[in-house]
Amino acid sequence: MRRQLLKALGLAAVVAGTLGCAAGATAAEIETGGKLLLTGGVSSLEGGAGGGLATWAVIAGNETNNGVGGKVHATYVDVSDYTLRAAGAAVGLHDRIELSVARQEFDTGATGAKLGLGKGFTFKQDIVGVKLRVLGDAVYEQDTWVPQVSIGAQYKKNNQDAIIRAIGGRKDSGVDYYVAATKLMLDKSLVLSGAMRLTKANQTGLLGFGGDKNDSYKAQFEGSAGLLLSKRLAVGAEYRTKPSNLGFAREDDWVDLFAAYALNKTVSVTAAYVDLGDIATFKDQRGVYISLQAGF
């Protein structure tokens, strides 16, 4: 745990230092605005660039390979018995490296009392991520079928160690590793993305990592398909598989149907219908997802 915490602090220092350098750079040193609208994805729940539920291979921000970009986001998910709030920031360096931070708050609302936790009991999780583009370009390599490919890692730390252990979880922190591939086909107005994630996370880490049923890394799939109806509007669907490590409650896969609209190159909004399945013994968690993003 100490080693993982040191890694997270190191990543956080890099993020902070990079944001500081970006803020102090001159206009000649930073080139932004090179990407087409919506082709950089939106902000995922875990802070990096992608769809709402799924991670993509694209790098955050509007920068090309000659500059630095960044974005901030705020997300709200309201399902049958719970709400989730998330906020974060990411910086993209030369369309090659992405560094991100995010905070998630899982509010049990009135359901908390039924679970014996107290009304409005909230799980909080901090996430620090890094992503590296290793192959291809999702937008500008239209003459080839080779997708943009990125690898990444996310360190996650939950604030409820005692409760996590009481429900069968092994740890309150963990690291996810993933590889993602994303391809935009402009002639078909279509974007496709898939990712394979190695994880021990229960409900993305909000209920800890590992459990009484399983404490090993499992490979999970995240997929997105979107149709660009115009240069400002995209609609599509996402699917994310989940491990089921805890004996007290089955964990289901996640699905959404989304629409993303770019007001301009700086601001975009995403709305979705989400089906998160069963969460902590409460069934059929369906509802709405709203996310606002601003970037450069």
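## Exercises on a predicted 296-residue model

Among contacts in the protein (heavy atoms within 4.5 Å) between residues at least 6 apart in sequence, 60% join residues at least 24 apart. The model is predicted, so local features need pLDDT of at least 70 and side-chain atom pairs count only at pLDDT 80 or more, whereas totals for chains, interfaces and linings use all residues. Residues are numbered from 1 along each chain as its sequence is written, and side-chain values use heavy atoms, with hydrogens and water left out.

### Exercise 1: the cores

Determine which residues have the most contacts inside the largest nonpolar core, and which strands each supply at least two residues of this core.

Step 1. A nonpolar core is a set of buried Ala, Val, Leu, Ile, Met, Phe, Trp, Tyr and Cys residues joined through side-chain atoms within 4.5 Å; buried means under 20% relative accessible area, exposed over 50%, and partly exposed in between, with a 1.4 Å probe and protein chains only. Of the 296 residues of the protein, 54% count as buried.

Step 2. The largest core holds 23 residues, and those with the most contacts inside it are Leu45, Val77, Tyr82, Phe106 and Val274. At least two residues of this core come from each of β3 (68–79), β4 (83–93), β12 (254–262) and β13 (267–275), where strands (E, at least two residues) and helices (H or I, at least four) are DSSP runs numbered from the N terminus. The protein has 3 helices and 14 strands.

Step 3. Leaving aside residues up to four places away in sequence, Val274 touches Val77, Val79, Val255, Asp256, Gln285, Arg286, Gly287, Val288 and Tyr289. A second, separate core of 16 residues includes Ala49, Leu184, Val191 and Ala262.

### Exercise 2: salt bridges

Establish where the partners of the Arg197–Glu46 salt bridge lie along the chain, and whether Glu251 and Lys242 are buried or exposed.

Step 1. A salt bridge is a side-chain nitrogen of Lys or Arg within 4 Å of a carboxyl oxygen of Asp or Glu, and by this rule the count comes to 21.

Step 2. Arg197 forms a salt bridge with Glu46, with the closest N and O atoms 3.6 Å apart. This pair links distant parts of the chain, 151 residues apart: Arg197 lies in strand β9 (residues 190–199), while Glu46 lies in the loop between β1 (42–43) and β2 (49–50). Both Arg197 and Glu46 are buried.

Step 3. Glu251 and Lys242 meet through their side chains in a salt bridge of 2.9 Å, N to O; Glu251 is buried at a relative accessible area of 8%, and Lys242 is buried at 9%.

Step 4. Another salt bridge joins Arg286 to Asp284, with the closest N and O atoms 3.6 Å apart; here Arg286 is partly exposed at 37%, and Asp284 is partly exposed at 39%. Salt bridges that share partners join Glu46, Lys156, Asp176, Arg197, Glu222 and Arg240 into one network.

### Exercise 3: aromatic pairs

Work out how the rings of Phe106 and Phe123 are arranged, and which residues form one aromatic cluster.

Step 1. Rings of Phe, Tyr and Trp (its six-membered ring) pair if their centres lie within 6.5 Å, and planes under 30 degrees apart count as stacked, over 60 as edge-to-face and the rest as tilted. By this rule there are 5 aromatic pairs.

Step 2. Phe106 and Phe123 form a tilted pair, 6.2 Å centre to centre with 40° between the planes. Phe106 lies in strand β5 (residues 97–107) and Phe123 in strand β6, so the pair ties together parts that are 17 residues apart in sequence. Phe106 is buried at 8% relative accessible area, and Phe123 is buried at 3%.

Step 3. Phe121 and Phe123 form an edge-to-face pair, 5.2 Å centre to centre with 80° between the planes, and Phe121 is buried at 19%. One aromatic cluster is formed by Tyr82, Phe106, Phe121, Phe123 and Phe282.

### Exercise 4: the surface

Find how much area the protein exposes and what share of it carbon and sulfur atoms supply.

The protein exposes about 12,500 Å², and carbon and sulfur atoms supply 62% of it; accessible areas come from the Shrake-Rupley method with a 1.4 Å probe, and for residues only the protein chains shown count as cover.
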